[in-house]
Amino acid sequence: MNYCPNCGKQIEEGTECTCQSQKPQNQENQYQSYYSTNNESGMKLLKVTSIILIIFGALGTLINLLALSALSNVASSARVLFIYEILAGFLPLIFGIIGVRMAADKSKAHLFIIFGIIMVVVRIVDIVWALSVLNTVETSTIFGAILGCTLPVLFIVGGFIRKKA
């Protein structure tokens, strides 16, 4: 008794395994389908990230507007921080809307990289400013910093995947 080198199935001597007929006929088509799937996954990553950015941008802006209206007796530096938060909340909202529209266009991939870098820089400035105003380092601040940079980094990664495709 022999075993098929492809599937490991036990076969009689002198016969061929039936798995031979299941091999892809054209190896080139197999690679082409892999790359087209990779191309689509870059687009899907950008679309999904854009939709999440729209949701978080809208929620963040709304929450910051409500918080600003509730804070009447707060120091002016904290008030300026909330105004900055509102403006920084619009960026993911705007970039998300633009991202949903441009995810399919490979020639616009560099814009996703630029948008992601802008959002990371704004987030870092936001974190540093919040720490200087609040004068405390809490676990929630660190967690928020990591979480706040995750979607922009996914935007950057999606831009690079789309650019290479």
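1. Are phenylalanine 95 and phenylalanine 115 buried or exposed? Both are buried. The model is predicted, and that applies to every point below.

2. Overall layout. The protein has 4 helices and 2 strands. Read from the N terminus, the order is β-β-α-α-α-α. The chain has 165 residues, and 28% of them count as buried. The exposed surface comes to about 10800 Å². Carbon and sulfur atoms supply 65% of that area. Among contacts with a separation of 6 or more, 66% are between residues 24 or more positions apart.

3. Aromatic pairs. The structure holds 2 of them. In one, the rings of phenylalanine 95 and phenylalanine 115 have centres 4.1 Å apart and planes at 10°. The angle is under 30 degrees, so this pair is stacked. The pair links distant parts of the chain. Phenylalanine 95 sits in helix H2 (residues 76-102), and phenylalanine 115 in helix H3 (residues 109-134). They are 20 residues apart.

4. The other pair joins phenylalanine 112 and phenylalanine 155. Here the ring centres are 5.1 Å apart and the planes stand at 80°. An angle over 60 degrees counts as edge-to-face, so the pair gets that label. This pair, too, links distant parts of the chain. Phenylalanine 112 belongs to helix H3, phenylalanine 155 to helix H4 (residues 139-164), and 43 residues separate them. Phenylalanine 112 has a relative accessible area of 0%, so it is buried. Phenylalanine 155 is buried as well, with a relative accessible area of 0%.

5. Serine 50. This residue lies in helix H1. Its relative accessibility is 0%, so it counts as buried. Which residues does serine 50 contact, leaving aside its neighbours within four places in sequence? They are Gly96, Gly99, Val100, Phe112 and Phe155. The list thus takes in Phe112 and Phe155, whose rings form the edge-to-face pair.

6. Threonine 61. Helix H1 also holds threonine 61. With a relative accessible area of 5%, threonine 61 falls under the 20% limit, so it is buried. Where does its side chain reach? It goes to the backbone oxygen of glycine 89, at 3.3 Å. Beyond neighbours within four places in sequence, threonine 61 is in contact with Ile86, Gly89 and Phe90. Gly89 therefore appears both as a contact of threonine 61 and as the residue whose backbone oxygen the side chain reaches.

7. Surface of helix H1. Which residues form a nonpolar patch on the surface? Ile51, Ile55, Phe56, Leu59 and Ile63 do. Together they have about 490 Å² of accessible area. Isoleucine 51 is found in helix H1 (residues 27-70). Its relative accessible area is 45%, which makes it partly exposed. Serine 50, in helix H1 as well, is buried at 0%.

8. Glutamate 40. This is another residue of helix H1. Its relative accessibility of 42% counts as partly exposed. Glutamate 40 and alanine 104 are 64 residues apart in sequence. In space, their C-alpha atoms are 8.6 Å apart.

9. Isoleucine 118. Helix H3 contains isoleucine 118. It is partly exposed, with a relative accessible area of 34%. Not counting residues up to four places away in sequence, it touches Leu91 and Phe95. Phe95 is a partner in the stacked pair. Leucine 91 is 27 residues away along the chain, and the two C-alpha atoms are separated by 8.9 Å.

10. Phenylalanine 160. This residue is found in helix H4. How accessible is phenylalanine 160 in relative terms, and what is it called? The relative area is 42%, and phenylalanine 160 is partly exposed. Phenylalanine 155, in helix H4 as well, is buried at 0%. Phenylalanine 160 and isoleucine 113 are 47 residues apart in sequence. Their C-alpha atoms are 7.1 Å apart in space.

Notes: Residues are numbered from 1 along each chain as its sequence is written. This is a predicted model: local features need pLDDT of at least 70, side-chain atom pairs count only at pLDDT 80 or more; totals for chains, interfaces and linings use all residues. Side-chain values use heavy atoms; hydrogens and water are left out. Patches are made of residues with over 30% relative accessible area and no salt bridge: like charges are joined within 9 Å, nonpolar side chains (Val, Leu, Ile, Met, Phe, Trp, Tyr) within 5 Å. Accessible areas come from the Shrake-Rupley method with a 1.4 Å probe; for residues, only the protein chains shown count as cover. A salt bridge is a side-chain nitrogen of Lys or Arg within 4 Å of a carboxyl oxygen of Asp or Glu. Buried means under 20% relative accessible area, exposed over 50%, partly exposed in between (1.4 Å probe, protein chains only). Rings of Phe, Tyr and Trp (its six-membered ring) pair if their centres lie within 6.5 Å; planes under 30 degrees apart count as stacked, over 60 as edge-to-face and the rest as tilted. Contact means heavy atoms within 4.5 Å. A polar contact is a pair of N or O atoms within 3.5 Å; within protein, one must be able to donate a hydrogen and the other to accept it, and residues adjacent in sequence count only if both atoms are side-chain atoms.
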